[in-house]
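Subject: Handing over the structure

Hi,

Here is the structure I promised to pass on. Have a look at it first, and then read my notes underneath.

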Amino acid sequence: MKKILLTAAMMLVGLTMSATKYIGTISVSINDEGGSQEATVGLVEQNGKYTLSIKNFMLGEDTPVGNVILTDLTPTDNADGSKSLSYSGVIMIPAGDDPRFAEDEWLGLMLNDLGGVPVVLTATFTDSELTCHIDIDMSNTLKQIIKVDFSSYPTNVYNGKLTVKINEEVGTQAASVKILNNNGKYTLAIFNFMLGEDTPVGDIVLGGLTPTPDNEGNKVISYSGVIEIAAGDDPRFAEDEWLGLMLNDLGGVPVTMTATFNDTDLTCHIDIDMRNTLQQMIEVDFTTESGSEVKPGDVNGDGNVDVSDVVALANYIMGDAPAEFVKEAANVNGEGDIDVSDVVTLANKVMG
């Protein structure tokens with residue numbers, strides 16, 4: 001049995017992946033003139049290599065460039081626990097998918113015809129923060145030096161249980177919710193939101209929220225309106241598989257949200273009223289699980305460390321996260337990342 005488990009664990013090499021998005025301010029200068037805007041930068045890790053992407057990158061408010069994507073980036077570890085990435089080379093920039101612009105309006109396609117885009121990148125990141133600087137040297141073709149700086153908003157990441165009720169059917173899954181602070185205005189974000197284990201919805205991002213205090217010293221934020229849901233970046237799903245894009249075509253997604261949070265705890269309730277289009281009322285509840293003792297290796301949260309935890313951890317690494325998964329218990333070897341080495345360590349622990 002032990003040999004079978006270890007063999008299965010080693011077969012998972014090459015399948016580990018994770019995706020993180022950062023919302024913040026991006027400053028763009030062209031020959032030392034420019035401005036700033038809000039943007040989202042994505043990082044996808046697979047097998048120890050990273051891809052950094054800025055989708056629908058703009059020069060100012062009215063010049064669409066395209067999707068800046070830098071692949072095969074090898075991280076270096078820093079003394080403070082952060083990681084750094086760097087890149088230097090020529091890339092091609094595909095058109096973005098912002099519906100305000102036709103495909104032939106994306107500047108990146110013209111730059112590609114001029115021989116590509118010379119890019120130099122440096123970036124530093126943790127699970128909650130990212131800063132990066134990009135130099136784009138188009139002096140030989142456009143007589144322009146473009147400098148891009150991105151800094152994510154201060155962010156709290158809350159891990160806990162997400163309960164999704166669709167009409168009368170209820171399911172529970174592990175999830176992370178981010179609260180971002182932009183100079184006193186808050187954004188609540190659930191990236192790669194799923195309905196169950198196999199229906200990807202997309203990124204729910206509610207921004208510009210003004211907090212009010214409650215009697216216990218917590219902050220309370222609320223939102224009511226119609227939003228559009230962008231496709232997520234979970235590499236298990238193609239872009240056209242994200243349900244949110246179809247919901248956008250139906251007129252957007254009516255959302256009502258209330259959340260209460262402090263530095264360590266978050267509870268929130270979201271109503272997604274799609275009764276007029278899908279005949280569905282979707283209710284989402286999230287609660288952190290602070291204060292409970294986490295047992296290393298008990299990744300399914302049943303209180304025991306056994307073969308079922310090895311299977312659950314293997315499934316998580318393969319991209320098939322179980323409905324009940326305690327991420328804090330999954331870093332069994334204490335190295336910081338959750339990968340195949342944790343499966344091997346846990347299998348050895350279970351088999352004695």
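Let me start with one residue, Asp-135, which counts as partly exposed at 25% relative accessibility. Before going further, please keep in mind that this is a predicted model.

**Salt bridges**

Asp-135 pairs up with Lys-147 in a salt bridge, where the closest N and O atoms are 3.3 Å apart. This one ties together distant parts of the chain: Asp-135 sits in strand β8 (residues 130–138) and Lys-147 in strand β9 (residues 144–152), twelve residues apart. Lys-147, for its part, has a relative accessibility of 31%, so it also falls in the partly exposed class.

How many salt bridges does the structure hold? The count is seven, and I'll pick out two others here.

One of them joins Asp-98 to Arg-100, with 2.8 Å between the closest N and O atoms. Its two ends sit in quite different settings: Asp-98 is buried, at a relative accessible area of 15%, whereas Arg-100 is exposed, at 57%. The cut-offs behind those words are under 20% for buried and over 50% for exposed.

Another runs between Arg-275 and Asp-273, again with the closest N and O atoms 2.8 Å apart. Arg-275 has a relative accessible area of 48% and is therefore partly exposed. Asp-273 counts as partly exposed too, with 28% relative accessibility.

**Rings**

The model has four aromatic pairs. There is also a charge over a ring to look at: Lys-178 lies over the face of Tyr-22, and the distance to the ring centre is 5.0 Å.

**Two asparagines with positive phi**

Most residues other than glycine have a negative phi, which is a good reason to check the ones that don't. Which backbone value does Asn-167 have for phi? It is near 55°, a positive value in a residue that is not glycine. You'll find Asn-167 in the loop between β10 (155–166) and β11 (169–182), and at 34% relative accessibility Asn-167 is partly exposed.

Asn-192 also has a phi near 55°, so here is another positive value outside glycine. This residue belongs to a strand, β12. Is Asn-192 buried or exposed? Asn-192 is buried, with a relative accessible area of 17%.

**The second largest pocket**

Now for the empty space. Rolling a probe the size of a water molecule over the atoms shows where such space is left.

The second largest pocket has a volume of about 1,600 Å³. Its lining is made up of 49 residues, and those closest to the centre are Thr-40, Lys-55, Asn-56, Asp-97 and Ala-230. Several elements give two or more residues to this lining: β1 (17–30), β2 (33–46), β3 (49–59), β12 (185–195), β13 (199–209) and α3 (243–249). Which element gives the most? That is β2, with eight residues. By class, the lining of this pocket holds 23 nonpolar, 13 polar and 13 charged residues.

**The cavities**

There are two cavities of 30 Å³ or more in the structure.

The largest cavity holds about 70 Å³ of space. Phe-57, Leu-59, Val-65, Val-68, Ile-93, Leu-107, Leu-111, Val-117, Ile-136, Leu-142 and Ile-146 form its lining. Two or more of these lining residues come from each of β3, β4 (63–73) and α2 (107–113). What kinds of residue line the largest cavity? Eleven are nonpolar, with no polar and no charged residues.

The second largest cavity has a volume of about 50 Å³. Around this cavity you'll see Phe-193, Leu-195, Val-201, Ile-229, Leu-243, Leu-247, Val-253, Ile-272 and Ile-282. β12 and α3 supply at least two lining residues each. The lining here divides into nine nonpolar residues, no polar and no charged.

If you want to trace some links between these sites, try β12. This strand holds Asn-192, gives two or more residues to the lining of the second largest pocket and supplies at least two to the lining of the second largest cavity. Helix α3 likewise appears in the linings of that pocket and that cavity.

Happy browsing!

Notes:
Residues numbered from 1 in each chain as written. Predicted model: local features only at pLDDT ≥ 70, side-chain atom pairs only at ≥ 80, totals over all residues. Heavy atoms only, no water. 1 Å grid on protein atoms, 1.4 Å probe; cavity = no way out; pocket = protein on both sides within 12 Å on 5 of 7 lines; lining within 4 Å. Points joined across faces, edges and corners; volume = space filled by probe spheres on them. Helix = DSSP H or I, 4+ residues; strand = E, 2+ residues; numbered from the N terminus. Nonpolar A, V, L, I, M, F, W, Y, C, P; charged D, E, K, R; others polar. Salt bridge = Lys/Arg side-chain N within 4 Å of Asp/Glu carboxyl O. Buried < 20%, exposed > 50% of the residue type's maximum accessible area, 1.4 Å probe, protein only. Phe/Tyr/Trp six-rings, centres within 6.5 Å; stacked < 30°, edge-to-face > 60°. Lys NZ or Arg CZ within 6 Å of the ring centre and 35° of its normal.
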